[in-house]
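This report describes selected residues, the ligand surroundings and the domain arrangement of the model shown below. The text proceeds from individual loop positions to the protein as a whole.

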Amino acid sequence: MSILCEAGKPMLDFRDLTPPEIIDAVQAAGGTPHQGQRVARAVLRGGVQSVEELPVAGRLRQALSGRFRISSLGVEAHRLSKDGSGKFLYRLADGERVEGVLIPDRRRNTLCVSTQLGCRSGCAFCLSGSQGLIRNLLPAEMLGQIHAASRVSGTEIHNLVLMGSGEPLDNFENVKRFVQSATHRFGLNLSPRKITVSTSGIIPVIQRMPTEMPVSLAVSLNAPNDELRSRLMPINRKYPLQDLMNALRYYGRNGRRVFIEYILFLGVNDAPVHASALADLLQDLTCVVNLIRFNRYPGARFEPSSEDAVRVFQKILLDRGLVSVVRDSRGADIMAACGQLRAAKDPVPG
Ligand code: SF4
């Protein structure tokens, strides 16, 4: 449902705009560039919840209030895990709900942001994708997750990982605008290195990222050969491994960071032969390999690998000179771990 302005046109959500667009809008309404910068900071950092609260003079505020609105997300539920991470159930304006996770780590807080309601990639192991794609999230709805999580937890967010529900590169235009607002000095002013975008491997968009969105890139790989990867991740039939490796080698130039995410499934992709094949595949790529034991959820078709199998797998990679880290998946007890988030019309148990 769109909200109409006095002229009968849909009102724009200030939080869907990038900082330069907000500054232009304020100038078009009769303000100065400096007032535009103040408005951008207030809107994008979450300091105001309505146009009436904008830190500008009355006449300018009135001119803006006829054309713009400022949206925010409600938090319907907030559950804390034993390990300190917290899962949020956000409520969107159209009644849909989406989840996200805040992961505190010493003095740095990382927020896992969802980019779509559901996902169309259809990875065999993923709860987020099990319902298909419902819709893309807008920049304001991604930014709103940061504001809401920060408000409810009372903490600052230092790092973002776009690894919640959805394939970020399948919603690239909205994600790119969100990242512009997150990194701009009149926005959240985060370093691009503090933002990691996770993908199943949409090659044409990865190729656009160095010029359009040069953040850290995590690729959910999960298999060392095309036959197995296509079974786990159907997108591999369209974008096979060797083409993906070429795209990643190019992306990794000029200091851009590449992470390889490898979820270990019992008896599927966790044998020493898989580790050796993975080391062969990654030999020319500068990357960090994150090994993650699969997190169970009700109805899952896979089981987690044993801790021993994970250790053996990691040792093979380390012996071959690959930087490899076993990641604890945080929040597993509240269904907030990797691949366990989802979108929902109804409140999510668990
Ligand atoms: S793992 Fe990522 S890309 Fe695959 S279905 Fe889940 S959300 Fe989509």
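Asparagine 254 is exposed in this predicted model, its relative accessibility being 72%. Asparagine 254 belongs to the loop that runs between helix H8 (241-251) and strand S12 (258-264). Its backbone has a positive phi near 60°, in a residue other than glycine. Most residues other than glycine have a negative phi.

A positive phi of about 60° is also found at asparagine 189, which is not a glycine. This asparagine sits in the loop between helix H5 (172-183) and strand S10 (195-199). Is asparagine 189 buried, partly exposed or exposed? With a relative accessibility of 48%, asparagine 189 is partly exposed, because exposed status requires a value over 50%.

Leucine 190 is located in the loop between H5 and S10 as well. Its relative accessibility is 14%, so leucine 190 counts as buried. Beyond its neighbours within four places in sequence, leucine 190 contacts Ile157, His158, Leu160, Ala182 and Thr183. For one of these residues, histidine 158, the C-alpha to C-alpha separation from leucine 190 is 7.5 Å, with the two positions 32 residues apart in sequence numbering.

**Buried loop residues with polar contacts**

Asparagine 222 occupies the loop between strand S11 (216-220) and helix H7 (226-232). The residue is buried, at 0% relative accessibility. Which backbone atom does the side chain of asparagine 222 reach? That side chain reaches the backbone nitrogen of isoleucine 263, at a distance of 2.8 Å. When residues up to four places away in sequence are not counted, asparagine 222 touches Phe125, Leu232, Met233, Glu261, Tyr262, Ile263 and Asn269. Among these partners, Phe125 is also one of the residues surrounding the ligand.

Serine 305 lies in the loop between strand S13 (288-293) and helix H10 (307-319). Serine 305 is likewise buried, with 0% relative accessibility. Its side chain makes a polar contact of 2.8 Å with the side chain of aspartate 270, and it reaches the backbone oxygen of leucine 264 at 3.3 Å. Leaving aside neighbours within four places in sequence, the residues in contact with serine 305 are Leu264, Phe265, Leu266, Asp270, Arg293 and Val310.

**Ligand surroundings and cysteines**

The residues around the ligand are Cys119, Ser121, Gly122, Cys123, Phe125, Cys126, Ser128, Gly129, Gly166 and Ser200. By class, this shell comprises 4 nonpolar and 6 polar residues, with no charged residues. Two of the shell cysteines can be described further: cysteine 123 is buried at a relative accessible area of 14%, and cysteine 126 is buried at 17% relative accessibility. Both values count as buried because the limit is under 20%.

How many disulfides does the model contain? The count is 0 disulfides, a pair of cysteine sulfur atoms within 2.5 Å being the criterion. A disulfide is a covalent bond between the sulfur atoms of two cysteines.

**A helix residue and a strand residue**

Methionine 142 is part of helix H4 (residues 139-153) and is buried at 0% relative accessibility. Apart from neighbours within four places in sequence, its contacts are Val113, Ser114, Thr115, Leu137, Asn171, Asn174, Val175 and Phe178. Leucine 80, in strand S3 (residues 74-80), is by contrast exposed, with a relative accessible area of 60%.

The table collects C-alpha separations for three residue pairs.

| Residue pair | Separation in sequence | C-alpha distance |
|---|---|---|
| Leucine 190 and histidine 158 | 32 residues | 7.5 Å |
| Methionine 142 and leucine 73 | 69 residues | 9.4 Å |
| Leucine 80 and lysine 176 | 96 residues | 30 Å |

**Domain arrangement**

The domain assignment divides the protein into domain 1 (12-69) and domain 2 (74-344). How far apart are the centres of domain 1 and domain 2, and what is the separation in Å? Taken over C-alpha atoms, the centres are 33 Å apart. The two domains are in contact, with 16 residues of domain 1 meeting 14 residues of domain 2.

Notes:
Residues numbered from 1 in each chain as written. Predicted model: local features only at pLDDT ≥ 70, side-chain atom pairs only at ≥ 80, totals over all residues. Heavy atoms only, no water. Buried < 20%, exposed > 50% of the residue type's maximum accessible area, 1.4 Å probe, protein only. Near = heavy atom within 4 Å. Nonpolar A, V, L, I, M, F, W, Y, C, P; charged D, E, K, R; others polar. Helix = DSSP H or I, 4+ residues; strand = E, 2+ residues; numbered from the N terminus. Polar contact = N/O pair within 3.5 Å; in protein donor to acceptor, adjacent residues only side chain to side chain. Contact = heavy atoms within 4.5 Å. Domains from an automatic or database assignment.
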